[in-house]
Amino acid sequence: MSNDATLLLALIIVGLITFGFRLSFIALMDRLRLPPLLQRALRYVPAAALTAIITPELLIRDGAVFLSPLNARLIAGIIAIAVAWRTKNTLLTIAAGMIALWLLQWIIR
Amino acid sequence: MRDEFMDGVKGVLPILLGVVPFGLIYGALAMANGLPASLALSMSSIVFAGSSQFVITQLAALATPAFVIILTAAVVNLRHMLYSASLAPYLQHLPARWKVAIAYLLTDEAYAVAITRFNRADKGGANGHWFALGAGVGLWITWQITTLAGITLGAFIPAAWSLDFALPLTFIALVTPALRDRAIVSAAVVAGVIAVLAFAMPLKLGLITAVVAGIIAGMLAETNT
């Protein structure tokens, strides 16, 4: 099999697995009753999952932690969090974060 | 019903400011890594999960064995099972075709927008699935178009624009307003810290480890108040 055919097959398998994950509880919950402990746990899914994606994007550079005021992505991220906190406005948050990053990259270099 | 669907589409409009650059960058990165355009484009509908598509693209460029690619992408996407469990109670009354459609469209962004809608007490749950469908369809169409645009125009996007930063910004915009109480903040802080500390774990296991740790932290904080 060529490399492209192998990759296509891998993509289809990943697609099926991902769809399976997404469908799992939606399809089965009327037959499976979720234990109360798990039901309580679900309340924390959005905050935990989204934050776990955010922080490495802000703090990891070239495979290592970069905790410094010279880390433009970290500072721009903090500015975006402050804007999101004050305004609860998605558009404004993304715009402020992008502009902050561009300014900081221009200043720091 | 139609109103709820359109509300769902409108609900994702602000996030598109983050999704559009992310899609462009994905298409551009896939081309830069030597993926055939047809595979890069079809991945966006077959897999339809942005962060795992980035990971797959990078692994494929390194000639990683297919089973490692599959396993890593599966680990990265495992969190969608939690999204499924979280939305399931609101979708139980629906016929199978609805469940299949909403499951297929269940990305991070669609989940975040939909769960916010379902949590709104004033709206009630009755037609929330139309909202979820509208949000999912809006994101799906955007993702396909921007992937194609990234594939064709990506080479002209300067790296200095740092468009990939739109992804964390989108998630910041989605998560920050949801930090309503101490337990949820604990979940976010612990998940965020563990995600950085566990970043180097093989197969990208750090992400799901961080999510589980965050959930446990939230539950502990809740019982201690």
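Let me start with the contact between the two chains, where, in this predicted model, 73 residues of chain B are in contact with 60 residues of chain A. If you ask which element gives the largest share of the side of chain B that touches chain A, it is helix H5 of chain B, with 12 residues. By class, that side of chain B divides into 57 nonpolar residues, 13 polar ones and three charged ones.

One place where the chains meet is the pair formed by helix H4 of chain A and helix H9 of chain B, the latter running over residues 166-175, and here the axes are 9 Å apart and the packing angle is about 30 degrees. Angles under 35 degrees count as roughly parallel, and H4(A) and H9(B) are therefore roughly parallel to each other. Their crossing is right-handed. On the chain A side the residues are Gly77(A), Ala80(A), Ile81(A) and Ala84(A), and in H9(B) they meet Pro168(B), Leu169(B), Ile172(B) and Ala173(B). Sorted by class, the contact of H4(A) with H9(B) has seven nonpolar residues, one polar residue and no charged ones.

Let me stay with H4(A) for a moment and turn to its partner within chain A. Helix H3 of chain A, residues 45-59, has an axis that comes within 7 Å of the axis of H4(A), and the two cross at roughly 135 degrees, which makes H3(A) oblique to H4(A). From H3(A) the contact takes Glu57(A), Leu58(A) and Leu59(A), and from H4(A) it takes Arg73(A), Leu74(A) and Gly77(A). This contact of H3(A) with H4(A) is made up of three nonpolar, one polar and two charged residues. Please note Gly77(A), since this residue of H4(A) appears in the contact with H3(A) and also in the one with H9(B).

Just after H4(A), in the loop between helix H4 (72-87) and helix H5 (90-108) of chain A, we find Lys88(A), whose phi is near 55 degrees, a positive value in a residue other than glycine. Is Lys88(A) buried or exposed? The answer lies in between, because Lys88(A) has 13 C-beta neighbours inside 10 Å and so counts as partly exposed.

Chain B has a lysine to set beside it. Lys204(B) sits in the loop between helix H10 (182-197) and helix H11 (205-223) of chain B, and its phi, too, is positive, at about 60 degrees, although Lys204(B) is not a glycine. Here the count of C-beta neighbours inside 10 Å is 22, and Lys204(B) therefore counts as buried.

Helix H11 of chain B also holds Ala221(B), which is partly exposed because 19 other C-beta atoms lie within 10 Å, where 20 or more would be needed for a residue to be buried. Not counting residues up to four places away in sequence, Ala221(B) touches Arg182(B), Ala183(B) and Ser186(B).

Now to the packing inside chain B. Helix H3 (residues 50-61) and helix H4 (residues 66-77) of chain B pack with their axes 9 Å apart, at an angle of about 160 degrees, which makes H3(B) roughly antiparallel to H4(B). The crossing of these two helices is right-handed. H3(B) contributes Ser51(B), Ser52(B), Val55(B), Ile56(B), Leu59(B) and Ala60(B), and these meet Val68(B), Ile69(B), Thr72(B), Ala73(B), Val76(B) and Asn77(B) of H4(B). The contact of H3(B) with H4(B) has eight nonpolar residues, four polar ones and no charged ones.

Helix H6 of chain B, residues 96-104, has Lys99(B), Ile102(B) and Ala103(B) as its buried residues. Why do they lie on the same side of H6(B)? They do so because the arc that they cover around the axis is only 100 degrees. What covers these buried residues includes helix H1 (3-28) of chain A, together with helix H5 (79-91) and helix H8 (128-153) of chain B.

My last residue is Glu4(B), in helix H1 of chain B, residues 2-32. Glu4(B) has 19 C-beta neighbours inside 10 Å and therefore counts as partly exposed. Leaving aside neighbours within four places in sequence, Glu4(B) is in contact with Asn127(B), Trp130(B), Phe131(B) and Gly134(B). Glu4(B) and Gly134(B) are 130 residues apart along the chain, and their C-alpha atoms are separated by 7.6 Å.

Notes:
Residues numbered from 1 in each chain as written. Chains lettered and ligands numbered in written order. Predicted model: local features only at pLDDT ≥ 70, side-chain atom pairs only at ≥ 80, totals over all residues. Buried ≥ 20, exposed ≤ 12 C-beta atoms within 10 Å, placed from the backbone. Helix = DSSP H or I, 4+ residues; strand = E, 2+ residues; numbered from the N terminus. Arc of directions from axis to C-beta. Contact = placed C-beta atoms within 7 Å. Nonpolar A, V, L, I, M, F, W, Y, C, P; charged D, E, K, R; others polar. Axes fitted to C-alpha atoms, helices over the stretch in contact; angles between N-to-C directions. Parallel < 35°, antiparallel > 145°, perpendicular 65-115°, else oblique. Left-handed = near helix turned anticlockwise from the far one by under 90°.
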